[in-house]
Amino acid sequence: MTNDITFSITTTRFDEHYAPAENSRVTTNFANLARGAGRRQNLRGALSMMDRRLNELLSTEARYRLELDIVSVQLQFSDGADDEQFPVIEVLDVHILDTETGESHPGIVGNNFSSYLRDYDFSVVLPAAKAAAGTFTVPEDFGDLHGQLFQHFLDSATYRDRFPSSPVICISVSTSRTYHRTGVVHPVLGVEYEQDAFSLTDEYFAKMGLRVRYFMPRGSVAPLAFYFRGDLLADYTDLQLAGTIATMETFQKIYRPEIYNAVVPAGEVYRPTLDQAEFVRTGIDYDREERSQLAVVQGRYAEEHFVKPHRAALDAWSANVGAVLR
């Protein structure tokens with residue numbers, strides 16, 4: 001088996017008619033919304049929230065609408081001896097439709113990032129390391145393979161031929177860190193915060209070649225974490241940034257209403273907590289406990305079907321790529 005790895009992409013439209021494919025990651029957040037008797041109502045409600053927030057950020061009256069595609073990335077060893085593909089990454093790709101002109105503007109890919117290997121790292125590797133050491137510990141090579149594969153994908157022709165700019169991954173702030181305002185204010189991203197120390201997630205994304213900045217947009221009650229390559233403030237238009245914020249803030253209001261639908265907004269110094277009692281529920285169903293349970297299931301799946309059977313090839317590839325990245 002060669003040490004080279006290639007990727008392929010499939011897309012699925014994420015709208016009120018969306019139904020998860022059989023091979024979709026069951027812990028993917030948008031798949032969680034699209035199950036059960038209220039699936040259509042859930043999806044319609046989430047998409048309406050996104051569009052309202054987009055127009056609010058752009059100070060327009062229902063002019064813009066988001067068009068979202070789920071991007072599923074499959075990995076394959078490229079020697080052809082093994083034609084098996086393994087699903088490695090899912091993200092959302094954003095386009096912004098101007099309903100007045102009919103023009104569709106490209107947004108930013110990367111929203112709602114999810115990964116089988118990340119489930120493996122956090123739900124299998126970390127618990128095993130803790131059990132072996134008798135206390136919480138992070139292996140020195142934690143996230144190395146995942147980070148190398150992610151960077152290899154971004155540098156591949158598969159990515160470059162499809163997406164004109166680098167991704168931005170927008171997620172919740174960490175409940176283990178305290179955030180302070182910096183004094184920087186961006187017209188769309190809003191008020192900047194910085195953390196008191198890097199979180200494990202920050203370090204994990206750093207191995208993916210991504211830096212982080214934290215901003216609380218106008219009308220928001222908590223900052224969001226933006227992971228990116230390049231220059232977050234210069235590489236993207238206000239329209240593109242608004243599309244990412246509208247998409248991911250909506251998901252966070254659904255997933256973490258204690259933080260992103262809190263009654264009291266973040267102040268100069270902010271420590272997020274899921275124990276916040278004063279918050280507003282969105283009315284959109286999301287099973288957070290099931291998400292955590294399924295992360296373990298899918299981490300085990302990655303271990304059984306990808307990591308263990310291809311360990312030798314992955315180690316050789318990782319060592320080769322790691323030498324280049326260093």
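1. Let's start with the empty space inside this predicted model. The largest cavity holds about 70 Å³. It isn't alone: searching the whole structure turns up three cavities of 30 Å³ or more. If you wonder how anyone spots such gaps, rolling a probe the size of a water molecule over the atoms shows where empty space is left.

2. Who lines that largest cavity? Find these residues in the viewer: Ile89, Val91, Val109, Gly110, Phe113, Phe150, Phe153, Leu154, Tyr159, Phe163, Pro167 and Ile169. Two elements, strand E3 (86-98) and helix H4 (144-154), give two or more residues each to this lining. H4 gives the most, with three residues. As for chemistry, the lining of the largest cavity splits into 11 nonpolar residues, one polar and no charged.

3. Now for the second largest cavity, with a volume of about 50 Å³. Its lining is made of Phe7, Val88, Ile89, Ser115, Leu117, His146, Leu149 and Phe150. You'll meet E3 and H4 again here, each supplying at least two residues of the lining. H4 gives the most to this second lining too, with three residues. Sorted by class, you get six nonpolar residues, two polar and no charged. Try picking out Ile89 and Phe150: they appear in the lining of the largest cavity and also in that of the second largest.

4. Ile169 deserves a second look. We met Ile169 in the lining of the largest cavity, and it also belongs to the largest nonpolar core, which has 92 residues. Ile169 is one of the members that touch the most others, along with Phe14, Leu33, Phe226, Tyr227, Leu232 and Phe306. Which helix gives this core its largest share? That's H7 (residues 238-255), with nine residues.

5. So what does Ile169 actually touch? Skip its neighbours within four places in sequence, and Ile169 is in contact with Gly110, Phe113, Phe150, Phe205, Met208, Leu210, Ala225, Phe226 and Tyr227. Among these partners, Gly110, Phe113 and Phe150 are also on the list of residues lining the largest cavity.

6. Last stop: Gln240, which sits in helix H7. Is Gln240 buried or exposed? Gln240 counts as buried because its relative accessibility is 12%, and the cut-off for buried is under 20%. Leaving out residues up to four places away in sequence, Gln240 touches Ile96, Pro106, Gly107, Ile108 and Asp235.

Definitions and conventions:
Residues numbered from 1 in each chain as written. Predicted model: local features only at pLDDT ≥ 70, side-chain atom pairs only at ≥ 80, totals over all residues. Heavy atoms only, no water. Core = buried A, V, L, I, M, F, W, Y, C linked by side-chain atoms within 4.5 Å. Buried < 20%, exposed > 50% of the residue type's maximum accessible area, 1.4 Å probe, protein only. Helix = DSSP H or I, 4+ residues; strand = E, 2+ residues; numbered from the N terminus. Contact = heavy atoms within 4.5 Å. 1 Å grid on protein atoms, 1.4 Å probe; cavity = no way out; pocket = protein on both sides within 12 Å on 5 of 7 lines; lining within 4 Å. Points joined across faces, edges and corners; volume = space filled by probe spheres on them. Nonpolar A, V, L, I, M, F, W, Y, C, P; charged D, E, K, R; others polar.
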